[in-house]
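Hi everyone, thanks for coming. Let me put a structure on the screen and walk you through it.

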Amino acid sequence: MVTSQGTASVSFPFPSVWGIHSSIAGRTIIWGTLSIHSIIDNRVVGTVNFRGRPIPINGFWNENTKQIAFDSPYATFSGNLTIIDDQQSRIRHFILQGRFLMKPPSLQAGESGSWIATTDIALNQFPVSGNAYTGQLPPVGAFLTSNILHQHQNFWGRTI
């Protein structure tokens with residue numbers, strides 16, 4: 001089962017909020033939240049929030065290759081989706097990770113780095129056949145971004 005809007009089928013739930021972490025040359029530059037509001041006909045619409053102000057993003061999702069690409073006014077992001085089922089804790093981890101390129105008017109224009117964003121749900125809420133990997137541990141960045149996401153949710157006193 002996949003989430004569907006328009007003619008797009010998507011392997012992860014939306015609307016959804018993800019913890020996001022980015023680094024250049026292995027140094028953390030920023031972390032925050034990525035919100036994917038909709039995916040209609042493979043077009044991604046949402047926001048990224050690194051400093052308390054949501055910044056609009058627009059991009060594309062390719063369900064066949066599990067690839068996402070989106071732009072903000074300051075950077076271009078591209079990445080791939082991995083889904084990991086943790087049978088013991090009954091959690092499904094959704095992990096987007098890839099590369100980004102800073103662009104003007106950012107003071108870091110021309111610099112590139114890596115990013116990882118994660119969200120998770122109860123394993124029985126969103127069954128995905130053939131895409132989930134069981135028995136595999138998520139990358140360490142998944143735990144960091146998961147903590148960021150849950151601290152953000154607790155900070156505001158509500159679940160987003």
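I'll go from the overall layout to the core, then the pocket, and finish with a few backbone details.

Please keep in mind that this is a predicted model, where local features need pLDDT of at least 70, side-chain atom pairs count only at pLDDT 80 or more, and totals for chains, interfaces and linings use all residues. Residues are numbered from 1 along each chain as its sequence is written, and side-chain values use heavy atoms, with hydrogens and water left out.

So, the layout. The chain has 1 helix and 11 strands, and from the N terminus the order is β-β-β-β-β-β-β-β-β-β-β-α. Helices here are DSSP runs of H or I with at least four residues, strands are runs of E with at least two, and both are numbered from the N terminus. Of the 160 residues, 46% are buried; buried means under 20% relative accessible area, exposed over 50%, and partly exposed in between, with a 1.4 Å probe and protein chains only. Looking at contacts, meaning heavy atoms within 4.5 Å, residues 24 or more positions apart account for 50% of those with a separation of 6 or more.

Now the core. In soluble globular proteins, nonpolar side chains tend to be buried together. A nonpolar core here is a set of buried Ala, Val, Leu, Ile, Met, Phe, Trp, Tyr and Cys residues joined through side-chain atoms within 4.5 Å. The largest one has 27 residues, and those touching the most other members are Phe12, Trp18, Leu34, Ile36, Trp61, Leu96 and Trp115. Have a look at Ile36: beyond its neighbours within four places in sequence, its contacts include Phe12, Trp18, Val44, Ile68 and Leu96.

Threonine 47 is in strand β5. Is threonine 47 buried or exposed? Threonine 47 is buried, because its relative accessible area is 17%. Outside its neighbours within four places in sequence, its contacts include Leu34, His37 and Ile55.

On to the pocket. A pocket is an open set of points on a 1 Å grid over the protein atoms alone, where a 1.4 Å probe fits, with protein on both sides within 12 Å along at least five of seven lines; lining residues have an atom within 4 Å of a point. The largest pocket has a volume of about 400 Å³, and that volume is the space filled by probe spheres set on the points, which are joined across faces, edges and corners. Of its 17 lining residues, Ile30, Phe50, Arg51, Tyr74 and Met102 are the closest to the centre. Strands β4, β8 and β9 each supply at least two residues of the lining.

Tyr74 has a partner to point out: alanine 109 is 35 residues away in sequence, yet the C-alpha to C-alpha distance is 8.0 Å. Alanine 109 sits in the loop between β9 and β10.

Finally, the backbone. Most residues other than glycine have a negative phi, and most peptide bonds are trans. Phenylalanine 14 and proline 15 are joined by a cis peptide bond, with omega about 0°, and the bond from proline 104 to proline 105 is cis too, with omega near 15°. Aspartate 41 has a positive phi near 50°, and asparagine 42 has a positive phi near 70°. Aspartate 41 is in the loop between β4 and β5, as is asparagine 42.
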